[in-house]
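User: Please take a close look at one loop position and the elements around it, then set it in the context of the rest of the chain. I would like the reasoning behind each burial and packing label where there is any.

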Amino acid sequence: MRYILSVLAAMVLASLSGQNAFSTANHGSYGAMRYDPTAASGSCLLNQIKTDQQAQALLTYYNIRTPGSTSAERISLANGIFQASALYGGRFEPLTNITVKYSSRSGYSRYLSQSRTIDLNRCNKAGGACGDASNTNVARILHELGHPFGHARLTEDETYYDRFGTQLKGCYPTGYSDDSTIENTAEVFSAFLTHPDKLKNGSPACQRAYNFLSTQVFRSNGRLASCEMQERQQLLAAVQGQRRNVNYTSVQTFQQIFPPRARQPSGVTAAASPAQYLQNASSGVDTSE
Ligand SMILES: [Zn+2]
């Protein structure tokens, strides 16, 4: 039995160690999560999605359309979705029914809440940096996904944007003090998934944000968001349960490991049902670069 367990642990270790190659120029103090190499490379994620078939199965399950995307971009996006699902212990409804449009236009990437569409522009606003690194940067795509998260409802009367603009105000994981609650919410969301230690070991406000996201948003697998290998192994084991050699190639597999979940996080009195999550709290365009 002990032998079998150690073999399993070794397999988990092997599957966790695969990382996307990523390099970035030295930006000194990072102005955004996408410039943080740990966050951008996805090296803290479970990284279970390796092939386009796996990516497409998960994206189909979430009803996420990705016009213009490359295979590498779909895999990066799907690994971000996988991480949110693993920590949520089910399909994370705020990220369902989204269109992510990939284009080589330059200009700000943005989220259009009415149509639930992310315009992910590969080039930066100066028209440069159109290369591979910026469009598979998982911290960047998770920042954009932080916008539909922000619009989602925590309770009938309160969105996540509302909460991050009040009780959870003041966490700046990248050290860049942005007064926009909208952009700040997206940054914290991305940090929690791609480099959680930035919050856990950060300022008191960031620790509050980490605790909130851990206990009231993503808590259901009983694991904490962490970059530590042991925590990640335990999270993956919680996702896979009794299943051995999970092959993430079909929608049915994802239905089983990330079932739709009506269960409510503790401390939330007014239930936010999956349907309520999808109602837009407000319409508009969330712009960011
Ligand atoms: Zn943004």
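Analyst:
**The loop and its surroundings**

Arg105 counts as partly exposed because 15 other C-beta atoms lie within 10 Å of its own, a count that falls between the limit of 12 or fewer for exposed and 20 or more for buried. The model is predicted, and every value here is computed from it. Arg105 sits in the loop that links β2 (98-103) to β3. Leaving aside residues up to four places away in sequence, Arg105 touches Asn121 and Cys123. The C-alpha atom of Arg105 is separated by 6.7 Å from that of Arg122, which is 17 residues away along the chain.

One of these contact partners, Asn121, falls within strand β4 (residues 117-121). Strand β4 runs antiparallel to β3, and three bridges join the two. They form a hairpin with four residues between the strands. Within the pairing, Tyr111 stands opposite Ile118 of β4. Strand β3 itself (residues 109-112) has two faces: Ser109 and Tyr111 are on the covered one, while Arg110 and Leu112 are on the uncovered one.

The turn of this hairpin contains Arg116, in the loop between β3 and β4. Most residues other than glycine have a negative phi. Arg116 departs from that pattern, with a positive phi of about 50° although it is not a glycine. Arg116 also counts as buried because it has 21 C-beta neighbours inside 10 Å, where the limit is 20 or more. Arg105 is partly exposed, with 15 such neighbours.

Positive phi values also occur elsewhere in the chain. Asn47, in the loop between α2 (37-41) and α3, has a phi near 50°, again in a residue other than glycine. Asn47 is buried because 23 other C-beta atoms lie within 10 Å. Just after α3, Asn63 takes a positive phi of about 55°, and just after α4, Gly89 takes one of about 80°.

Those two helices can be read as a pair. In α3 (residues 52-61), the buried residues are Gln54, Ala55, Ala57, Leu58, Leu59 and Tyr61. They pack against β1 (64-65), α4 (71-88) and α12 (251-257). Helix α4 is mostly covered, with 16 of its 18 residues buried. The length of α4 agrees with expectation: at 1.5 Å a residue it should span 26 Å, and its end C-alpha atoms are 25 Å apart.

The axes of α3 and α4 are 8 Å apart and meet at an angle of about 50°. That angle makes α3 oblique to α4, because it lies outside the ranges for roughly parallel (under 35 degrees) and roughly perpendicular (65 to 115). The crossing is left-handed. On the α3 side, the contact involves Asp52, Gln54, Ala55, Gln56, Leu58 and Leu59. The α4 side supplies Ser71, Arg74, Ile75, Leu77, Ala78, Ile81 and Phe82. Gln54, Ala55, Leu58 and Leu59 are among the buried residues of α3 and also take part in this contact. An α-helix has 3.6 residues a turn, so residues three or four places apart point the same way.

A second helix pair can be set beside this one. Helix α6 (residues 138-151) packs on helix α8 (residues 181-194) with axes 7 Å apart and an angle of about 125°. This, too, makes the pair oblique. Here α6 passes α8 in a right-handed crossing. The residues of α6 in the contact are Val138, Ala139, Leu142, His143, Gly146, His147, Phe149 and Gly150. Those of α8 are Ile182, Thr185, Ala186, Glu187, Phe189, Ser190, Leu193 and Thr194.

Another loop residue, Glu228, lies between α10 (204-217) and α11 (229-240). Glu228 is exposed because it has 12 other C-beta atoms within 10 Å, and 12 or fewer is the criterion. Its C-alpha atom is 7.8 Å from that of Cys44, although the two residues are 184 apart in sequence.

For the chain as a whole, there are 13 helices and seven strands. Of its 289 residues, 43% are buried. Among contacts between residues at least 6 apart in sequence, 65% join residues at least 24 apart.

How values were computed: Residues are numbered from 1 along each chain as its sequence is written. This is a predicted model: local features need pLDDT of at least 70, side-chain atom pairs count only at pLDDT 80 or more; totals for chains, interfaces and linings use all residues. Two strands pair if DSSP finds at least two bridges between them. Two residues are in contact if their C-beta atoms, placed from the backbone, lie within 7 Å. The expected span of a helix is 1.5 Å times one less than its number of residues. Axes are lines fitted to C-alpha atoms, for helices over the stretch in contact, and angles run from 0 to 180 degrees between N-to-C directions. Angles under 35 degrees count as roughly parallel, over 145 as roughly antiparallel, 65 to 115 as roughly perpendicular and the rest as oblique. A crossing is left-handed if the near helix is turned anticlockwise from the far one by less than a right angle, and right-handed if clockwise.
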